[in-house]
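Thanks for coming. Please look at the fold on the screen while I go through it.

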Amino acid sequence: MKFIQRLGYYLGGFAVGLIILAYFLSGKNASCDYGPNARTVKNIASKSLVYSEEVEAFVNTNNLDSTTVRNLIKYGNVDFSKSDTSLDSCKLYHINNSYKNKELYLKISNCEFRAVINNIKFNNE
């Protein structure tokens, strides 16, 4: 068998395999969250959120809703240098994001079954 024929068979089988793989993975909610930032944010976003009194006041004065707060967490960047991940009970994370062209940060305690937003402020405050 010549090289061109072998290459043709290989590429044909590879194409069929890709089609089958695309069929089985379509409709699945597969994601590639391998980085530490993506895993941390996904873990926090999957839990029920509890607001502290200070955060409740901030949310009310800036007209934020729960979806906006979840998106601030989901699309934020975790600053691990300011976070305290050595705690046993609830790890403390510092998440940076922007809202209406203003930089803000969130301090979140990530417990086993819930995430508590301890603080949320604009960086210039």
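Contact here means heavy atoms within 4.5 Å. Helices (H or I, at least four residues) and strands (E, at least two) are DSSP runs, numbered from the N terminus. Axes are lines fitted to C-alpha atoms, for helices over the stretch in contact, and angles run from 0 to 180 degrees between N-to-C directions.

This is a predicted model: local features need pLDDT of at least 70, side-chain atom pairs count only at pLDDT 80 or more, and totals for chains, interfaces and linings use all residues. Residues are numbered from 1 along each chain as its sequence is written, and side-chain values use heavy atoms, with hydrogens and water left out.

Now the sheet. It is open, with 5 strands in the order 1-5-4-3-2 and mixed pairing; two strands pair if DSSP finds at least two bridges between them. Strand 1 and strand 2 (77-78) are the edges, each pairing on one side only. Strands 4 and 5 run antiparallel, joined by 7 bridges.

Helix 4 lies across strands 1, 3, 4 and 5, at about 105° to strand 3. Which residues of helix 4 are buried? Val69, Leu72 and Ile73 are, where buried means under 20% relative accessible area (1.4 Å probe, protein chains only). Seen down the helix axis, the buried residues fall within an arc of 95° (taken from the directions from the axis to the C-beta atoms), so they line one face of helix 4. Their cover includes helix 2 (36-45) and helix 3 (53-61).

Last, His94 in strand 3 (residues 91-99). His94 counts as buried because its relative accessibility is 8%.

Notes:
Buried means under 20% relative accessible area, exposed over 50%, partly exposed in between (1.4 Å probe, protein chains only).
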